[in-house]
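Here are my notes on the model you sent over. Have the structure open while you read, and go point by point.

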Amino acid sequence: MFTVNKYSKWYLSIIENAKLNVPIGYTEKHHIIPKSLGGSNGKDNLAILTARQHFICHLLLPKIVKTSEDKKKMI
């Protein structure tokens, strides 16, 4: 589903950091595997991110999906 490149490493780093250090203040829920790519609403597929982290993750997602169809979904 995700290619292994520097962008996917950054994406997973943000997710792991958020799981270890829950942000204080305004937060947003983020689907680690997007629902449009088959992700669920399960707790294991959700991360609590700051608004900035969430924005960055959505910038990275089109760069880490494998197919052009999935890339269109992420854009």
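1. Let's begin at Glu 69, which sits in helix H3. Bear in mind that this is a predicted model. Glu 69 counts as exposed because its relative accessibility is 53%, and the cut-off for exposed is over 50%. If you want a sense of how far things spread out, look across to Arg 52: Glu 69 and Arg 52 are 17 residues apart in sequence, and their C-alpha atoms are 26 Å apart in space.

2. Next, helix H2, which covers residues 51-64. Does the length of this helix make sense? What should its 14 residues span at 1.5 Å a residue? The expected figure is 20 Å, and the end C-alpha atoms are 20 Å apart, so the two agree.

3. Which residues of H2 are buried? They are Gln 53, His 54, Cys 57, Leu 60, Leu 61, Pro 62 and Ile 64. As for what they pack against, the partners are helix H1 (6-20), strands S1 (28-31) and S2 (46-49), and helix H3 (68-74).

4. The H1 and H2 pair deserves its own look. Their axes are 9 Å apart and the helices pack at an angle of about 145 degrees, with a left-handed crossing. On the H1 side, the residues that meet H2 include Tyr 7, Trp 10, Tyr 11, Ile 14 and Ile 15; on the H2 side, Gln 53, Ile 56, Cys 57 and Leu 60 are among those that meet H1.

5. Now the largest nonpolar core, which has 14 residues; Tyr 11, Ile 15, Leu 49 and Cys 57 touch the most other members. H1, S2 and H2 each supply at least two residues of this core. In soluble globular proteins, nonpolar side chains tend to be buried together. Leaving aside residues up to four places away in sequence, Tyr 11 has contacts that include Phe 2, Ile 32, Cys 57, Leu 60 and Ile 64.

6. Finally, my favourite spot: His 30, in strand S1. Is His 30 buried or exposed? With a relative accessible area of 1%, His 30 is buried, because the cut-off for buried is under 20%. The side chain of His 30 makes a polar contact of 2.8 Å with the side chain of Tyr 11, and another, at 3.3 Å, with the side chain of His 54. Beyond those two, and not counting residues up to four places away in sequence, His 30 touches residues including Ile 15, Leu 49, Cys 57 and Leu 61.

Note on methods:
Residues are numbered from 1 along each chain as its sequence is written. This is a predicted model: local features need pLDDT of at least 70, side-chain atom pairs count only at pLDDT 80 or more; totals for chains, interfaces and linings use all residues. Side-chain values use heavy atoms; hydrogens and water are left out. Helices (H or I, at least four residues) and strands (E, at least two) are DSSP runs, numbered from the N terminus. The expected span of a helix is 1.5 Å times one less than its number of residues. Buried means under 20% relative accessible area, exposed over 50%, partly exposed in between (1.4 Å probe, protein chains only). Contact means heavy atoms within 4.5 Å. A polar contact is a pair of N or O atoms within 3.5 Å; within protein, one must be able to donate a hydrogen and the other to accept it, and residues adjacent in sequence count only if both atoms are side-chain atoms. A nonpolar core is a set of buried Ala, Val, Leu, Ile, Met, Phe, Trp, Tyr and Cys residues joined through side-chain atoms within 4.5 Å. Axes are lines fitted to C-alpha atoms, for helices over the stretch in contact, and angles run from 0 to 180 degrees between N-to-C directions. A crossing is left-handed if the near helix is turned anticlockwise from the far one by less than a right angle, and right-handed if clockwise.
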